[in-house]
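Thanks for sharing this one with me. Here are my notes, point by point, to read alongside the model.

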Amino acid sequence: MSQSQPMQRNNSNRVSPNRNPAAAQRSSNATGLCLAPCPRATPMSGHHDWYTLKGLTHLDICPSCMRQIAHSRFREYFFPSQPKPASHRTRCAFSNPWARLAWTQMIKKHHDSLEMLYQMTRPPPGARPCPGRTATDQTWHRIIDPGTGSYLPRFHICGSCARNVRILMPAHRDTFIPSTEPQARACDLVTSSPRFIRFIDLLDAAATRAEASHLPRPDTRELLAYARRKVTLRDCRRDRPVLSTWHYIAALPELSVCEDCYDETIWPLVRARYPIARLFCPSLRLLPGDGPDHCREASCQMYSPRMRAWFRDAVARDDFATLRSVALRRFEAERRFHHRREELLEAEARGYRVSDEMRKAVEEWERWE
Ligand SMILES: [Zn+2]
Ligand SMILES: [Zn+2]
Ligand SMILES: [Zn+2]
């Protein structure tokens with residue numbers, strides 16, 4: 001989709017939430033399809049205003065998420081959670097992308113019950129959670145490439161993510177096949193990766209097409225093409241500083257972009273011949289800087305939906321001044337955050353309790369991210 005129509009905005013028929021948070025925050029959101037980021041994504045104590053859902057009282061939902069989703073057909077299911085003990089730390093259930101996806105899917109498919117959300121948030125006892133980006137020696141679910149008849153190389157999904165896909169899109173019940181050979185790897189459907197939403201969109205599009213044309217199984221060719229391209233690129237390390245090579249604009253080296261985010265966000269606009277996109281050097285290079293080899297560590301500046309939305313807007317309006325100002329402010333906010341985090345980690349090593357301060361620092365950074 002973004003390849004051929006780079007300027008396309010939110011399409012409310014798609015399942016993914018948060019594609020454009022700037023737009024999501026602006027619009028009133030009657031269906032709950034585009035949710036703004038959750039402010040209580042890390043476990044925290046001291047709040048007495050949690051909500052829960054009839055029959056799903058294992059979930060606690062923060063007022064911000066609740067306000068956005070309670071407009072929906074399930075509004076009468078919400079009621080205040082039981083009071084929590086003072087020391088109890090609670091995380092908002094709707095900070096989990098899978099719970100959000102289940103919600104948007106239930107609205108989109110006009111479900112009458114909360115069964116899908118229940119299934120999604122109640123894994124079977126003993127189920128292994130997704131290992132995320134941590135390489136773990138376990139068995140994986142694989143996808144068959146119909147072109148070769150064998151597994152798509154280097155693409156592995158953990159059992160938990162495969163189960164979530166099946167719950168969300170029953171048409172994909174046979175798309176991911178459990179392989180019996182254990183391997184030490186990370187999961188390729190990790191929710192914090194910028195690739196995640198694209199994988200979900202492609203799965204959803206294939207499932208929707210299969211249902212509409214009564215195919216026995218979804219056509220996964222588009223998904224496979226995307227996965228095949230992505231497994232050759234390093235996954236975005238988000239805000240982790242690394243000494244690496246980057247795509248950047250010579251006049252704005254602060255806006256360093258990893259190869260994955262370049263491929264996703266900038267390359268389609270380069271192909272569509274937008275002047276600002278074409279200012280990026282097309283090859284990966286070391287950044288000019290102050291290290292011993294006159295280069296510096298950097299982190300990717302283009303993984304968040306917020307920055308991608310800003311970038312696309314600036315490119316569409318050919319407004320380099322705004323892009324520069326947004327990029328520099330983000331760059332400074334990230335520097336402040338890394339500095340603050342180091343200070344707090346040092347204090348923690350000396351025995352101080354820093355969790356509240358750390359949470360504040362992370363929340364402040366998430367506003368800029
Ligand atoms: Zn929330
Ligand atoms: Zn996983
Ligand atoms: Zn990136």
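1. Let me begin with a helix in the middle of things: the buried residues of α3 pack against α2, α4, α5 and α6. Please keep in mind throughout that this is a predicted model. Those buried residues of α3 are Trp98, Ala99, Arg100, Leu101, Ala102, Trp103, Thr104, Gln105 and Met106. That makes nine of the twelve residues, so α3 is largely enclosed by the rest of the structure.

2. The geometry of α3 is easy to describe. From first C-alpha to last, its twelve residues reach 16 Å, close to the 16 Å expected at 1.5 Å a residue. Just after the helix comes His110, with a positive phi of about 55°.

3. Next, the core. The largest nonpolar core has 49 residues, and Ile61, Cys65, Ala102 and Leu203 are those with the most contacts inside it. At least two residues each come from β1 (51-53), β2 (56-61), α2 (63-69), α3 (97-108), α4 (115-121), α5 (159-168), α6 (195-212) and α7 (221-230). The most generous contributor is α6, with seven residues. Where does this core lie with respect to domain 1 and domain 2? It lies between them, because domain 1 (1-122) and domain 2 (125-157 + 170-232) both give residues to it.

4. One residue of that core deserves a closer look. Setting aside residues up to four places away in sequence, Leu203 touches Val165, Met169, His172 and Leu223. There is also a second, separate core of 25 residues, which includes Trp246, Phe280, Met302 and Val326.

5. I would point you to α8 as well. It has 13 residues, yet its end C-alpha atoms are only 16 Å apart, short of the 18 Å that a straight helix would reach at 1.5 Å a residue. The helix bends by about 40° at Thr265, and a proline, Pro268, follows within four residues. After α8 comes Arg273, whose phi is positive, near 65°.

6. Which residues of α8 are buried? They are Glu259, Asp260, Cys261, Tyr262, Glu264, Thr265, Ile266 and Leu269. Their cover includes β10 (247-249), β11 (252-257) and α9.

7. Two loop residues are worth a glance. Pro288 sits in the loop between α8 (259-271) and α9 (305-316). With 12 other C-beta atoms within 10 Å, Pro288 is exposed. Apart from neighbours within four places in sequence, Pro288 is in contact with Pro253, His294 and Cys295. Its C-alpha atom is separated by 41 Å from that of Gln138, 150 residues apart along the chain.

8. The other is His47, found in the loop between α1 (21-26) and β1. His47 counts as partly exposed, with 15 C-beta neighbours inside 10 Å. From C-alpha to C-alpha, His47 and Glu369 are 25 Å apart in space and 322 residues apart in sequence.

9. Finally, a word on confidence. The protein chain averages a pLDDT of 88, and 91% of the residues score at least 70. Among its elements, strand β5 (residues 141-142) has the highest mean, 98, and α1 the lowest, 37. Over residues 1-14 the pLDDT stays under 50, and the model has 17 contacts beyond four places in sequence for them. Residues 16-33 are also below 50, and that stretch has 51 contacts beyond near neighbours in sequence. Where pLDDT is low, the predicted coordinates should not be read in detail.

Technical notes
Residues numbered from 1 in each chain as written. Chains lettered and ligands numbered in written order. Predicted model: local features only at pLDDT ≥ 70, side-chain atom pairs only at ≥ 80, totals over all residues. Core = buried A, V, L, I, M, F, W, Y, C linked by C-beta atoms within 7 Å. Buried ≥ 20, exposed ≤ 12 C-beta atoms within 10 Å, placed from the backbone. Domains from an automatic or database assignment. Contact = placed C-beta atoms within 7 Å. Expected span 1.5 Å × (residues − 1). Bend = angle between axes of the 7 residues up to and from the residue. pLDDT = per-residue confidence, 0-100.
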